[in-house]
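User: Could you walk me through the interior of this model? I would like one connected account that starts from a single residue and works outwards.

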Amino acid sequence: MQPKHPTVVDPINVTSGLPIDSKSNPSSVGKENMAKKDENLKPLQNEDKAQGKNSPVRSKTSHMPIPEVTSISEMNKLMLQSHASYRSMRPLWSSAIDQELLQARSEIENAPIVKDDPSLYAPLYHNFSLFKRSYELMEETLKVYVYREGARPVLHSPFLTGIYASEGWFMKLMEANTRFVTKDPKKAHLFYLPFSSRMLQEALYVKNSHSHKNLIEYLNNYVDMIGGKYPFWNRTGGADHFLAACHDWAPAETRQRMSNCIKALCNADIKEGFVFGKDVSLPETFVINSRNPAQDLGGFRISRRPNLAFFAGSMHGYVRPILLKHWENKDPDMKIFGKLPKSKGNRDYIHYMKSSKYCICARGYEVNSPRVVEAIFYECVPVIISDNFVPPFIEVLNWESFAVFVLEKDIPNLKSLLLSIPTKTYLRMQMRVKKVQRHFLWHANPVKYDIFHMILHSVWYNRVFSINAT
C-alpha cells in the first residue's frame, strides 16, 4: 500500500532560489564554489528525519534496535543476514525480468569454487567465487533504463570535481553507457534516477533557512511524475529503481517517496536509516582534475614513509576536535593537524599521505569522508574513525583485510593501537591497499572492475538478493 500523495507539482516548474531550466549547466549555480573542498555545509535540523539522533533505530531486517555502535564485523554479519532475509515489495504483476534476476541469484548462490584469478586478488573479498560469478552475470545480463525526464541542473547535470564528484561521475558514465543501458524500459532490470543531490542543494536551498522541505518536495514531485508517466515505479514500489547521491543531506531528502529505492549514498550511516541488503555505500571521491581524475596516483615506498599516522582537516563535527586534543603536537610520529595552509594542487596534504604508514579518516559532520578513498589512492592504510559508517562495497570487500577501524571512544589510545599491529600485518595490509585501489578509480572510459562498475555491481547485487518472487 502506497502512502497518500499530495497534489503533484511538475518538478520542472518548481523553483526556489535559482531557476531550473533545461539549458542550465553547473556553471550557472556556482561552479567555483562547487569545485572547492566545501565541507563547510553543516547538517540541517532534523525536521524531516523519521527519528532523532537519540532515538533507538530499528533494523528493517530484524525489527530489533540497532546497537549504539555497530562494529565492522557486526556489519558484515548484518549484510549476510540481510541477503538471506531482506526482501523488497512483491511486484504487483509478474515479469520475465523478475525470473532472470531469480535465476541470477540461484547461479550466484551456487557459484563454482574459484581459488585464484590472475586479474583479481582473492583475499580482498568475503567470498571471491560469489563475487566473480555475480560480476560475470552482471556483465551478461544487466540492463538499466535511464529516465530522460526532468530539467537541468538538478537532473542530467553531472558535476565532476570537488568532494561530491562521485555522484557526478557515476551520472555521466551511466547516461553515456551503451553496454548496460537499454532504451526499452520493458527490458530493464533496474531504473536509474539521474538527479544530483549537490545540484539540488545549489539550485533550491534557501540560504540560512535551515530547511530543506522544498528540496524534498522537488524530489517527491519528480517521482510522482515518473510514476504517473510509466508503470514501472508502481509495479515494485520503486524497489527496482536506484539513485546515487553524495551530498550529506541526501539520506533525509530521499527518506519519503524514495524510501524503497536502492540508495547509493556517501553518507552511509546505520543510525540514519541505511538498510543492509538494499542500500549501497557510495565512495566519496575528491576529484581535483576532471580531465585526469587519477592525477598523482600512488605513494612512496615503505622505506620513505617515516610518519606513523597523518590527519589534516577542518574541525567539522565532534570527532576531529577530540582527535586534535589528544594528538596535535603531542608526538613526532603522529602528524595530526587542523586545516593545512593552502598549497598548489593540495601538494602538502598529498605529500603527507604519500609519506605516512596510516592515514586517519576521521568523520566530519557526517560519517563519510573523502579521506577513505584518498588513503587508498595514495597507498596509505586507512584508519577509519567513524562509528556506524558502512564502508563502500561491503557486499563483497573484506575491509578488515586492508583497513583499520578504531572506535571513536578509543582515540586516546590511537598510537598504541597502531603500534600493536605487527609489521608483517601492516605490510600485508599496505600491499592489499595497492591491490584494492583499482576498485576506487574513475576513468573517462570505464574499465572492468573500476569504481563505476563496482558501484553498479553493488546495486545489481542488492537487487538480485532482495527481489521478491510473485
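Analyst: Helices and strands here are DSSP runs, H or I over at least four residues for a helix and E over at least two for a strand, numbered from the N terminus. With that in hand, we can start at S369, which sits in the loop between β8 (356-362) and α12. The model is predicted, with local features needing pLDDT of at least 70 and side-chain atom pairs counting only at pLDDT 80 or more, while totals for chains, interfaces and linings use all residues. Residues are numbered from 1 along each chain as its sequence is written, and side-chain values use heavy atoms, leaving out hydrogens and water.

Is S369 buried or exposed? Its relative accessible area is 4%, so S369 is buried (under 20% is buried, over 50% exposed and in between partly exposed, with a 1.4 Å probe and protein chains only). Setting aside neighbours within four places in sequence, S369 is in contact with E284, R320 and A362, where contact means heavy atoms within 4.5 Å.

S369's loop leads to α12, and that brings us to the empty space inside. Helices α11 (347-354) and α12 (371-377) each give at least two residues to the lining of the largest cavity, and α12, with 3 residues, makes the largest share. A cavity is a set of points on a 1 Å grid over the protein atoms alone where a 1.4 Å probe fits but cannot get out, and its lining residues have an atom within 4 Å of a point. The largest one holds about 270 Å³, a volume being the space filled by probe spheres set on points joined across faces, edges and corners. Lining it are 21 residues, of which F286, V287, P293, F377 and Y378 are the closest to its centre. By class, that lining is made of 14 nonpolar, 5 polar and 2 charged residues; here Ala, Val, Leu, Ile, Met, Phe, Trp, Tyr, Cys and Pro are nonpolar, Asp, Glu, Lys and Arg charged, and the others, Gly among them, polar. The whole structure has 5 cavities of 30 Å³ or more.

Now for the packed side chains. Nonpolar side chains tend to be buried together in soluble globular proteins. In this model the largest nonpolar core has 101 residues, with F170, M174, F242, Y358, I360, L414 and L456 making the most contacts inside it; such a core is a set of buried Ala, Val, Leu, Ile, Met, Phe, Trp, Tyr and Cys residues joined through side-chain atoms within 4.5 Å. Helix α15 provides the largest share of this core, 10 residues. A second, separate core has 29 residues, including L155, A188, L204 and M258. L414, back in the largest core, touches L323, W327, M334, I360, V383, I385 and V406, residues up to four places away in sequence not counted.

Why call α15 largely enclosed by the rest of the structure? Because 16 of its 16 residues are buried. Running over residues 451-466, α15 reaches 22 Å between its first and last C-alpha, close to the 22 Å expected (1.5 Å times one less than the number of residues). Helix α7 is also largely enclosed, because 13 of its 17 residues are buried, and its end C-alpha atoms lie 24 Å apart, in agreement with the 24 Å it should span.

Some loop residues deserve a look for their backbone. Most residues other than glycine have a negative phi, and most peptide bonds are trans. N388, in the loop between β9 (381-385) and β10 (404-405), has a positive phi near 75° and is buried at 6% relative accessibility. N208 has a phi near 65° in the loop between α6 (197-204) and α7 (213-229), but N208 is exposed at 58%. R152 and P153 are joined by a cis peptide bond with omega about 5°, and P153 belongs to the loop between β1 (144-146) and α5 (165-176).

Long-range pairs complete the picture. S82, in helix α2 (residues 72-85), is buried at 1%, and its C-alpha is 5.0 Å from that of G277, 195 residues away along the chain. Over the chain, 59% of the 470 residues count as buried.

Notes: 1 Å grid on protein atoms, 1.4 Å probe; cavity = no way out; pocket = protein on both sides within 12 Å on 5 of 7 lines; lining within 4 Å.
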